[in-house]
Amino acid sequence: MEFSDVVHGRHSYRGFLPKAVDDATLKAVFELASWAPSNCNVQPWHVHVLSGDACNRMREKMKVVAATDPVGNADFPWQGKFSGHYRDRQICSALGLWEHQGVTREDKAKRAWSWMRNFEFFDAPHIAFIFVTDEFPETVRLAADVGMYTQTLMLAMANANIGSCPQTSVSCYPDLVREELGVDSKYKLLMGISFGYIDVEDGANNFRTERAPLESTTTFHQ
Ligand SMILES: Cc1cc2nc3c(=O)[nH]c(=O)nc-3n(C[C@H](O)[C@H](O)[C@H](O)COP(=O)(O)O)c2cc1C
């Protein structure tokens, strides 16, 4: 694929088929992602990839915990609300997704269902949990490194016709994930990425977001 086709072909997909990605392809995309740049090449990402029973076990546990404790205890708690045009974009994205999921703004039950789809991993046969080490007081810069890694990973997946959805939502339950996977508490959970082959019958996968005009985000100087 052309690079621009890969970039434009990656969307957040929220409906997957049960078909697993084979081991060789799995390893190839994660190996490719590891070529992402990072501050001083420290590569601070710690990645756990769940498939098969491991993925299903986590899904079942996360559904239960999300239903009983909607807030959770994220390692990186939300610290405020978006405002201004950031808020406008947030609302636009939520309304667009709901429209494609058959959810109206007024329908609280369906909105809750839409949120809970996160903890079902959108039926994906795989989820990767992305941790960052907290051994150094550089968490923001390390998180930027992990962002480089995750976008490289999702592009590698798109290039292999694998759909993905990055999910901060699943980071609400870091203790469950660490306990289930035997991960040390020095690793903090930034996000999950559900992935697999997309279900074209799922209306959520027809949702496409837009981008602000270049001049509103980027200034060129000479
Ligand atoms: C770090 C990060 C966390 C995200 N968390 C979620 C999430 O928890 N649930 C979800 O449905 N989408 C989540 N998204 C997807 C965004 O909503 C999506 O990237 C954005 O609307 C742009 O759409 P696109 O990915 O289709 O281009 C997340 C994206 C990023 C980059």
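Author: In this predicted model, Ala, Val, Leu, Ile, Met, Phe, Trp, Tyr, Cys and Pro count as nonpolar, Asp, Glu, Lys and Arg as charged, and the others, Gly among them, as polar. By these classes the lining of the largest pocket holds 20 nonpolar, 17 polar and 12 charged residues.

Reader: What makes a residue part of the lining of the largest pocket, and which residues are closest to its centre?

Author: A lining residue has an atom within 4 Å of a grid point of the pocket. The largest pocket has a volume of about 2700 Å³. Its lining consists of 49 residues, and Arg14, Phe82, Gln90, Ser93 and Ala94 are the closest to the centre.

Reader: Which element supplies the largest share of that lining?

Author: Helix H4, residues 84-101, supplies the largest share, with 14 residues. H4, helix H1 (3-9), helix H5 (108-116) and strand E3 each give at least two residues to the lining.

Reader: How do you know where the ligand sits?

Author: A molecule is assigned to a pocket if more than half of its atoms lie within 2 Å of the pocket's grid points. The space taken by the ligand is the largest pocket.

Reader: What makes a residue count as near the ligand, and which residues come nearest?

Author: One of the residue's heavy atoms must lie within 4 Å of the ligand. There are 14 residues around the ligand, and Ser12, Arg14, Asn118, Ser169 and Arg211 come nearest. By class, this shell has three nonpolar, eight polar and three charged residues. Strand E3, residues 163-167, gives the most to the shell, with three residues.

Reader: Why is the pair formed by serine 169 and the ligand called a polar contact?

Author: The cut-off for a pair of N or O atoms is 3.5 Å. An N or O atom in the side chain of serine 169 is 2.7 Å from an oxygen atom of the ligand, and the pair therefore qualifies. The side chain of arginine 10 likewise has an N or O atom 3.0 Å from a ligand oxygen, so this pair qualifies too. At proline 166 a backbone N or O atom lies 3.2 Å from a ligand nitrogen, which is also within the limit. The ligand taken alone exposes 620 Å², of which the protein buries 69%.

Reader: What is notable about phi at asparagine 41?

Author: Phi of asparagine 41 is near 55°, a positive value in a residue other than glycine. Asparagine 41 lies in the loop between helix H2 (23-33) and strand E1 (45-51). Asparagine 161 has a positive phi as well, near 60°, and its place is in the loop between helix H6 (139-159) and E3.

Notes. Residues numbered from 1 in each chain as written. Predicted model: local features only at pLDDT ≥ 70, side-chain atom pairs only at ≥ 80, totals over all residues. Heavy atoms only, no water. Polar contact = N/O pair within 3.5 Å; in protein donor to acceptor, adjacent residues only side chain to side chain. Areas by Shrake-Rupley, 256 points an atom, 1.4 Å probe, with all protein chains shown as cover. 1 Å grid on protein atoms, 1.4 Å probe; cavity = no way out; pocket = protein on both sides within 12 Å on 5 of 7 lines; lining within 4 Å. Helix = DSSP H or I, 4+ residues; strand = E, 2+ residues; numbered from the N terminus. Points joined across faces, edges and corners; volume = space filled by probe spheres on them.
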